[in-house]
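I opened this model to look up a few local features and write them down. My entries are short and follow the order in which I looked.

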Amino acid sequence: GTRTPKSTKIQIVLQLQLYGWMFEELFPDTPFKLHVYTGTGEIEEVEYDGGVEALEHLARILELEALTTEPVEVVGWTKCGGCGFREHCWPRAVSGDELGYVSDLQVTFAERLIAAGISSYPQILEQFTEESLAEFYANGKKVSESNRGSARKLIENVTALTTNKPVRRRDSAGELIALPPEVPAADNFVMFDLEGAQPDMELPQIVYLWGMQVYGKEKGEFRGAVAGFDENGDEQGWFDFLKIAAELMDAHPGIRFVYWTSYEKTAINRYLGKYGDDDAGTAAKVLDSLLDLHPITKATVAMPIPSYSLKVVEKAVGFERQVDDVAKGDESIVAFTEACETEDLTRREEIMEAIRAYNEEDLEATWAVQQWLTGLGD
């Protein structure tokens, strides 16, 4: 059967389902299909369910509108990030020490805690030991090492929040979890960050800036490979990146490319499949040299923050941004869209310079977090 494309946002799917139901009501027994034009430039079919899911959502909206008091809803950093009601709910969650403020606390588990009479994260420390919390995770089943690990991490996260101080994580034997030796080992590292558009947006799934800069005993200049604006611009940006990466690896044999979360690694693999490697196998070498700070940070330290996104972690370690023109990744995408659409070459260069400056601060922030992590072992 036809499957809904994974890249398509649920709102778009529901909208199409509703259109299908309306068409069916107006023109019964008339065959039709639903299609979506994806960000990759493809037209894919969306399976029609008779409008059932869309109508269920509309019914839920009507139920919520009829309520005289607000329903209980667990907040979450990712869940609430793009919500129009964030300014209403989030400050209240912060001031009330709500469970959803705790990093990586799943909504379903928070709902179980609320059902047990626990509505704020300080109550977790008041009412649970690590062992009893592991039993709560097990939910009537035999307590596993996974349950104990989840309980330990949650208590560490809550302790960090309640004390407003970082807490070094410990393993099952109570020993501090050490940083991987490669984090502080070398004299120099390449900080590595990409700016790109996702496939569910109007732009195709491309990387429009490959940003790199050497930090350590020798601080290098910012090196950015920028995609061109013609039909071959994406490929040109990829091979410009490989050229710069090869130069950096030649100048610093064995250097690691440090990044934050999986986007950079995923993008390199995608472009390898799309355009291939250069003759020197530079892309493969970069893949072998990658060092993702995000899982290392989460595994070694509980921080008094609601999310381990770079923008949140960097503030917690004392890094302050100076560039205001592009404040975050989605604004970078909006700016690049304008650069693609404008015929004013001066304006286009101004936009790309702002994106470069934003990317350069991402690199500096990543280095600041790495330095902070290294200092934890002092």
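The entries below cover a surface patch, a pocket, some salt bridges and two backbone angles.

**Entry 1: the model.** I noted before anything else that this is a predicted model.

**Entry 2: a nonpolar patch.** I asked which residues make a nonpolar patch on the surface. I found Phe23, Leu26 and Phe27, which together make a patch of about 310 Å². I then looked up Phe23 and placed it in helix H1, which covers residues 10-26. Phe23 has a relative accessible area of 30%, so I entered it as partly exposed.

**Entry 3: the second largest pocket.** I looked up how much space the second largest pocket holds and wrote down about 990 Å³. There are 27 residues in its lining, and those closest to the pocket centre are Glu70, Pro71, Val72, Glu73 and Cys89. I listed the elements that give two or more residues to this lining: helix H2 (52-66), helix H3 (77-80) and helix H4 (86-95). Which of the elements gives the most to the lining? I found that H4 does, with five residues. I also sorted the lining of the second largest pocket by class and got 14 nonpolar, five polar and eight charged residues.

**Entry 4: salt bridges within a helix.** I searched the whole structure and found 20 salt bridges. I picked out some of them to look at by residue.

In one, the side chains of Arg60 and Glu63 meet, with 3.4 Å from N to O. I placed both Arg60 and Glu63 in helix H2, where they are three residues apart, about one turn of the helix. Arg60 has 42% relative accessibility, so I entered it as partly exposed. Glu63 is also partly exposed, at 48%.

In another, Arg148 and Glu145 join their side chains in a salt bridge, again listed at 3.4 Å from N to O. Because Arg148 and Glu145 are three residues apart in helix H8 (residues 145-163), about one helical turn separates them. I noted Arg148 as partly exposed at 28% relative accessibility. Glu145 has a relative accessible area of 55%, so I entered it as exposed.

**Entry 5: a salt bridge between distant parts.** I next looked at Glu361 and Arg321, whose side chains meet in a salt bridge at 4.0 Å from N to O. This pair links distant parts of the chain, with the two positions 40 residues apart in numbering. Glu361 is in helix H16 (residues 345-375), while Arg321 is in the loop between helix H14 (310-316) and helix H15 (329-341).

Is Glu361 buried or exposed? I entered it as buried, because its relative accessibility is 7% and the cut-off for buried is under 20%. Arg321 is partly exposed, with a relative accessible area of 22%. I also found that Glu361 and Arg321 belong to a network of salt bridges that links them with Lys311, Glu314 and Asp362.

**Entry 6: positive phi angles.** Last, I looked up two residues that have a positive phi although they are not glycines. Asp97 has a phi of about 50 degrees. I found Asp97 in the loop between H4 and helix H5 (107-115), and it is partly exposed at 26% relative accessible area. Asp104 has a positive phi of about 65 degrees. I placed Asp104 in the loop between H4 and H5. Its relative accessible area is 53%, so I entered Asp104 as exposed.

Conventions. Residues numbered from 1 in each chain as written. Predicted model: local features only at pLDDT ≥ 70, side-chain atom pairs only at ≥ 80, totals over all residues. Heavy atoms only, no water. Patch = residues over 30% accessible without salt bridge, like charges linked within 9 Å, V, L, I, M, F, W, Y side chains within 5 Å. Areas by Shrake-Rupley, 256 points an atom, 1.4 Å probe, with all protein chains shown as cover. Helix = DSSP H or I, 4+ residues; strand = E, 2+ residues; numbered from the N terminus. Buried < 20%, exposed > 50% of the residue type's maximum accessible area, 1.4 Å probe, protein only. 1 Å grid on protein atoms, 1.4 Å probe; cavity = no way out; pocket = protein on both sides within 12 Å on 5 of 7 lines; lining within 4 Å. Points joined across faces, edges and corners; volume = space filled by probe spheres on them. Nonpolar A, V, L, I, M, F, W, Y, C, P; charged D, E, K, R; others polar.
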